[in-house]
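Trainee: I would like to go through this structure and ask how its descriptions are justified. Where should we start?

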Amino acid sequence: MSISLGTFRFVLQTPSAQLLDCRAGFINVPAHDGQMGILRNHMPILCKLGLGILQVKDIVYEKGRPGKDKFFLVDGGFAKVSENNVIVLAYNVESFEGMEMSEVEAIISNSKKLLAGDKYAQQAKKHDIEKASVFIQLAKTAGLIKDSH
Amino acid sequence: MAGMRQLLQRKKAVANICKVTRTMEMISTSRYKGLYDAWNSSAGFYNSLAQLAYLLITAEAPISNPLAEENESDTMAVIVIGSNRGLCGGYNNNIHKMLEVHIKRAKRLNKKLDIYVYGRKIVSHLKYRGLKIAKIFDEFEEVPDYKQAWKIADDFTGLYEKGKIGYLGIVHTRFFSVASHRAQTLTILPVTELIDDLTTRATAIWPWENSFEDFELTPGAQDIFDSAARMMIRTSIVSCFRDAALSENLARVVAMKSATDNAQKMIDELGVEYNRARQGQITGELLDITGGVEAMN
């Protein structure tokens, strides 16, 4: 069920590419202190991003063409909300979109291996471990694996 | 005049050179296209980053940050980006000239200059001149990935915060358009100069949009400024390396195209000379035959 109160412009950019430029009804950004939902007419806000999942819902492309919901793994950056324009500037964005199922499974399997690693390795690769955990969450949110998987 | 045999050998040698230069031109063109696409698609990011920087510097109450303030260090640092291979016209020479400006400047200000280098051609030039190199970046090819760029940026910001360096500039060839690319220094630290550069080169800034005071900030202004400054530094390092690689490949395309054209012209001229010599020999032989026939009659 849509909770959209109208749409706003959403742009997702990284230093290497512009990944998305569309109108959206709702987005959920991984702020530095937790997830933050944004609807139309949100107050102007400048927000630092952390590691987490960016959800873009109720996407409408040019000429009113609706799009599928999108999910991205974002690792740091900024979100700027101003006058129904939301710009997310991120260092690094990853997504399962367009990937073969075998590639997705390989990423999930690697992530699980990292999560199951010994304590020393977990300390040494703290950020990678967190990222692996978010990858698994992303796969669940995108419906690629079940919760019990 | 060279004999027919020599002419033929010379023509073959030039044809081989022509093949090599044409291949190099094609390789550089393909690399250039890939880098140009990346440069083009990153333009939006830098425009948005410039908008963010513009907001931060137009705050009514100035935000203080150690990366934006000058320090008293007696050391300046420059990262010099050159090429690993030659045959790219005056590309490396222009970088040498720009580096010379920094060497003279450091001497005039009575400061030490630490030179960090990418590119074998620059390394050999500095070694020839007997200048000390602080570090050679050789762990990546042309453009660092985001983790490598983070590390470079974080190392230098760490040095700046500790007061071990008082200036960081990147000497590179900046790419403006296909028709324009030239050697320049981008000042990275103090970060105010980088913000100036970002905001002046941006193609889209809307000062009539909301002002800094209209925004809710999370976390606070100091943290936002610090994180934004680090983002600008990290991404500008990638952008400098990409500009340099783009300009190098473009310079090589131009140099190799000109070399191929010249070689082709030389092949044509040698072909004409060879044909003339061949025709002269045939005519001489014919004259000998007709002369012999007439003598027999």
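Mentor: Start with a definition: an angle between helix axes under 35 degrees counts as roughly parallel, over 145 as roughly antiparallel, 65 to 115 as roughly perpendicular, and the rest as oblique. Keep in mind that this is a predicted model.

Trainee: What makes H4(B) and H6(B) oblique to each other?

Mentor: The axes of helix H4 (residues 146–161) of chain B and H6(B) cross at roughly 125° and come within 9 Å. An angle of that value falls in none of the three named ranges, so the pair counts as oblique. Their crossing is right-handed.

Trainee: Which residues make that contact, and how do they divide by class?

Mentor: H4(B) brings Tyr146(B), Ala149(B), Trp150(B), Ile152(B), Ala153(B) and Thr157(B), and H6(B) brings Arg230(B), Ile233(B), Arg234(B), Ile237(B) and Val238(B). Eight of the residues are nonpolar, one is polar and two are charged. Arg counts as charged, so Arg230(B) and Arg234(B) are the two charged residues.

Trainee: Why are H1(B) and H6(B) called roughly antiparallel?

Mentor: Helix H1 (residues 4–57) of chain B packs with helix H6 (residues 221–296) of chain B at an angle of about 160°, and their axes are 5 Å apart. The angle is over 145 degrees, so the two are roughly antiparallel. The crossing of H1(B) and H6(B) is left-handed. The residues of this contact comprise 34 nonpolar, 10 polar and 10 charged.

Trainee: What is H1(B) relative to H5(B), oblique or roughly antiparallel?

Mentor: H1(B) packs with helix H5 (residues 191–201) of chain B at about 125°, with 8 Å between the axes. That angle is not over 145 degrees and lies outside 65 to 115, so H1(B) is oblique to H5(B). H1(B) passes H5(B) in a left-handed crossing.

Trainee: Where do H1(B) and H5(B) meet?

Mentor: Tyr46(B), Leu49(B), Ala50(B), Ala53(B), Tyr54(B) and Ile57(B) in H1(B) meet Ile195(B), Leu198(B) and Thr199(B) in H5(B). The contact of H1(B) with H5(B) has eight nonpolar residues, one polar and no charged. Thr is neither in the nonpolar list nor in the charged one, so Thr199(B) is the polar residue.

Trainee: How do you know that the peptide bond from Leu189(B) to Pro190(B) is cis?

Mentor: Its omega is near 0°. Pro190(B) lies in the loop between strand E5 (180–189) and H5 of chain B. A cis peptide bond also joins Thr218(B) and Pro219(B), with omega about 0°. The loop that holds Pro219(B) runs between E6 and H6 of chain B.

Trainee: What makes Asp58(A) worth a remark?

Mentor: Asp58(A) has a positive phi of about 50° although it is not a glycine. The residue sits in the loop between E5 and E6 of chain A.

Trainee: How is chain A divided, and what lies at the contact of its domains?

Mentor: Chain A has domain 1 (8–94) and domain 2 (101–141), with 24 Å between their centres, taken over C-alpha atoms. Seven residues from domain 1 of chain A and seven from domain 2 of chain A make the contact. On the domain 1 side, strand E5 (45–57) and strand E6 (70–82) of chain A each supply at least two residues. The largest share there, four residues, comes from E5(A). That side divides into four nonpolar, two polar and one charged.

Trainee: How many residues does each chain give to the contact between chain B and chain A?

Mentor: Chain B gives 23 residues and chain A gives 22. On the chain B side, the elements giving two or more residues are H1, strand E6 (216–218) and H6 of chain B. H1(B) gives the most, with eight residues. By class, the chain B side has 11 nonpolar, eight polar and four charged residues.

Trainee: What confidence does the predictor give?

Mentor: The complex has an ipTM of 0.81 and a pTM of 0.85. Chain B averages a pLDDT of 91, and chain A averages 85. Within chain A, confidence is lowest in helix H2 (residues 119–124), at a mean of 64, and highest in strand E3 (residues 26–31), at 95. Where pLDDT is low, the predicted coordinates should not be read in detail.

Key
Residues numbered from 1 in each chain as written. Chains lettered and ligands numbered in written order. Predicted model: local features only at pLDDT ≥ 70, side-chain atom pairs only at ≥ 80, totals over all residues. Axes fitted to C-alpha atoms, helices over the stretch in contact; angles between N-to-C directions. Left-handed = near helix turned anticlockwise from the far one by under 90°. Domains from an automatic or database assignment. pLDDT = per-residue confidence, 0-100.
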